[in-house]
Amino acid sequence: SVTINTQVDDYTLVLTDGGKLISMNKATANTLTIPTNASVAFATGTRIGVLQYGAGETTIAGAVGVTVNSEGSAFSLAGQYAMCMLFKIGSNTWNIEGNLVV
């Protein structure tokens, strides 16, 4: 089972989000931000799921100094109920995969 962390506004990840599903439940556009390793030291290999539960488009962004990679440079979830997974692959480097659009 997975713990769900429901958010109703823009959100920046915290250490206890590792292994959770972040449910972004907002009617308007919102951003989920990945913080720097200096602020939140997730272990390399950490996985975090993201669900766009609300109608507002959820965009994944890295804080200044964080590199976020995805196929085709897509960083927004494709629509309501779309999901993606964040993978920490280096100190300040994350990959995302899932139902994303540019």
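These legends go with a set of close-up views of one predicted protein model.

A few ground rules apply throughout: the model is predicted, so local features need pLDDT of at least 70 and side-chain atom pairs count only at pLDDT 80 or more, while totals for chains, interfaces and linings use all residues. Residues are numbered from 1 along each chain as its sequence is written, and side-chain values use heavy atoms, with hydrogens and water left out.

**View 1. The whole protein, with zero helices and 11 strands.**
Helices (H or I, at least four residues) and strands (E, at least two) are DSSP runs, numbered from the N terminus. Along the sequence the pattern reads β-β-β-β-β-β-β-β-β-β-β. The C-alpha atoms fit a box of roughly 30 × 30 × 25 Å along the principal axes. For 102 residues, a compact globule would have a radius of gyration near 13 Å, and the protein's 12 Å agrees with that; the radius is taken over C-alpha atoms, and the globule rule is 2.2 Å times the number of residues to the power 0.38. Of the 102 residues, 41% count as buried, where buried means under 20% relative accessible area, exposed over 50%, and partly exposed in between (1.4 Å probe, protein chains only). Among contacts (heavy atoms within 4.5 Å) between residues at least 6 apart in sequence, 62% join residues at least 24 apart.

**View 2. The surface and its charges.**
About 5200 Å² of the protein is exposed, and carbon and sulfur atoms supply 52% of that. The areas come from the Shrake-Rupley method with a 1.4 Å probe; for residues, only the protein chains shown count as cover. There are 4 positive and 6 negative side chains, and the centres of the two sets sit 10 Å apart. Lys and Arg count as positive and Asp and Glu as negative, with His and the chain ends not counted; each charge is placed at NZ of Lys, CZ of Arg, CG of Asp or CD of Glu.

**View 3. Strand S1 beside strand S3.**
S1 (residues 4-7) and S3 (residues 21-24) pair in the parallel sense over four bridges; for two strands to pair, DSSP has to find at least two bridges between them. Threonine 6 has serine 23 in S3 as its bridge partner. Which residues of S1 are on the covered face, and which on the uncovered one? Asn5 and Gln7 are covered, whereas Ile4 and Thr6 are uncovered. In a regular strand the side chains alternate between the two faces of the sheet.

**View 4. Valine 2, in the segment before S1.**
Valine 2 is exposed, with a relative accessible area of 51%. Not counting residues up to four places away in sequence, valine 2 touches Gly19, Lys20 and Leu21. Leucine 13 is 11 residues along the chain from valine 2, and their C-alpha atoms are separated by 16 Å.

**View 5. Phenylalanine 42, in the loop between strands S4 (30-34) and S5 (47-52).**
This residue counts as buried because its relative accessibility is 4%. Leaving aside neighbours within four places in sequence, the contacts of phenylalanine 42 include Leu13, Val14, Leu15, Ile48 and Trp94. Threonine 31 is 11 residues from phenylalanine 42 in sequence and 19 Å from it in space, C-alpha to C-alpha.

**View 6. Strand S10 and its partners S7 and S9.**
S10 (residues 93-98) pairs with S7 in the parallel sense over three bridges, and with S9 in the antiparallel sense over six. On the S7 side, valine 68 has tryptophan 94 as its bridge partner; on the S9 side, leucine 86 is matched with isoleucine 96. S9 and S10 are joined by a hairpin through two residues.

**View 7. The loops on either side of S8.**
Serine 73 is in the loop between S7 (67-69) and S8 (76-77). Its phi is near 55 degrees, a positive value in a residue other than glycine, and serine 73 counts as partly exposed at 47% relative accessibility. Tyrosine 81 is in the loop between S8 and S9 (83-90); not a glycine either, tyrosine 81 has a positive phi of about 80 degrees. Tyrosine 81 is exposed, with a relative accessible area of 52%. Glutamine 80, also between S8 and S9, is partly exposed at 39%, and touches Gln52, Tyr53, Gly54 and Ala55, not counting residues up to four places away in sequence.
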